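Biologist: I have a sequence and a 3D structure open. Can we go through the sheet and the helices step by step?

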Amino acid sequence: NNYNIMNKTKLAELIGIIIGDGNIYYNKNFRKYYFEITGDQLLENEYFEYISDLVFSLLGKRPGIRVANRGLRLRVYSKEFVEFLINNLGMPYGEKKGINITIPNFIYNQEWDILKYCIRGIMDTDGSLFLAKKSHRKDYPTIEVSTISKNLAYQLKFLLSKNYRIGFRYFSKEGITGKYVISINGEKMVDRYIKDIGFSNLRKLKIWDGRDLNPRLWKARQI
């Protein structure tokens with residue numbers, strides 16, 4: 001199976017999902033080769049079915065989905081694909097992920113219409129869409145993602161700032177690993193993001209107090 005020539009938009013989205021909420025496991029001693037994605041068991045069942053279909057379309061394998069430690073876990077066993085992620089794409093595995101994760105060059109160097117699906121995968125899993133309270137209003141639309149990986153943060157900053165006005169901040173506390181926060185703010189920018197990049201995780205288009213966002217933004221998501 002040549003992963004380099006598979007559907008690149010789907011591969012880019014899956015890589016983004018793994019960057020956001022996944023872990024890669026590679027242990028020759030125990031012959032364990034798999035990747036796992038974690039999510040919210042109450043709010044992300046539909047999205048995990050979407051990921052399952054995405055994986056099946058790429059690998060021809062149907063992942064197992066289970067509930068463990070009060071969360072959803074989707075696991076895919078494939079030595080061949082795990083070695084592709086590690087050896088060909090250079091993705092970190094095991095405990096090394098956090099500060100070392102980046103968008104692999106193979107994806108990063110693709111044209112925007114492919115690369116944006118990787119950003120979608122990252123935002124679907126690790127990002128949030130909410131209505132922020134500003135001095136002049138209570139419902140200021142904001143898309144935000146945070147990471148402890150400096151390299152990933154600056155990749156996202158560079159890529160998103162081409163088409164969007166973004167916020168970029170770094171937070172640190174003594175004894176805690178610092179984090180970078182990238183945000184897209186205001187109707188115009190959020191609307192552009194949803195029309196251009198969009199969400200596969202429909203949970204992101206819901207606001208936690210039960211209100212929907214502007215229905216105009218829902219319609220914009222039809223892809």
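Biologist: Helix α7 (residues 150-160) lies across β6, β7 and β8. At about what angle does α7 run to β8?

Modeller: First, the ground rules: this is a predicted model, where local features need pLDDT of at least 70, side-chain atom pairs count only at pLDDT 80 or more, and totals for chains, interfaces and linings use all residues. Residues are numbered from 1 along each chain as its sequence is written, and side-chain values use heavy atoms, with hydrogens and water left out. Axes are lines fitted to C-alpha atoms, for helices over the stretch in contact, and angles run from 0 to 180 degrees between N-to-C directions. On that scale α7 runs to β8 at about 10 degrees.

Biologist: Which helix packs on the sheet, touching β5, β6 and β8?

Modeller: Contact means heavy atoms within 4.5 Å. Helices (H or I, at least four residues) and strands (E, at least two) are DSSP runs, numbered from the N terminus. The helix here spans residues 187-196, and its direction makes about 50 degrees with that of β6. The helix is α8.

Biologist: In what order do the four strands form the open sheet?

Modeller: Two strands pair if DSSP finds at least two bridges between them. The pairing in this sheet is antiparallel. β5 (127-134) and β7 are the edge strands, each pairing on one side only. The order is β5-β6-β8-β7.

Biologist: How many bridges join β7 and β8?

Modeller: β7 covers residues 166-173 and pairs with β8 in the antiparallel sense. I166 stands opposite I184 in β8. I184 is also the bridge partner of I143. The bridges between β7 and β8 number seven.

Biologist: In the hairpin of β7 and β8, which residue takes a positive phi?

Modeller: Look between the two strands, where the hairpin has two residues. The phi is near 85 degrees. The residue is G175.

Biologist: How many of the 10 residues of β8 are buried?

Modeller: Buried means under 20% relative accessible area (exposed is over 50%, partly exposed in between; 1.4 Å probe, protein chains only). β8 (residues 176-185) is mostly covered. The buried count is seven.

Biologist: Is α1 roughly parallel or roughly perpendicular to α3?

Modeller: α1 (residues 8-21) and α3 (residues 79-88) pack at about 80 degrees, with axes 13 Å apart. Angles under 35 degrees count as roughly parallel, over 145 as roughly antiparallel, 65 to 115 as roughly perpendicular and the rest as oblique. So α1 to α3 is roughly perpendicular.
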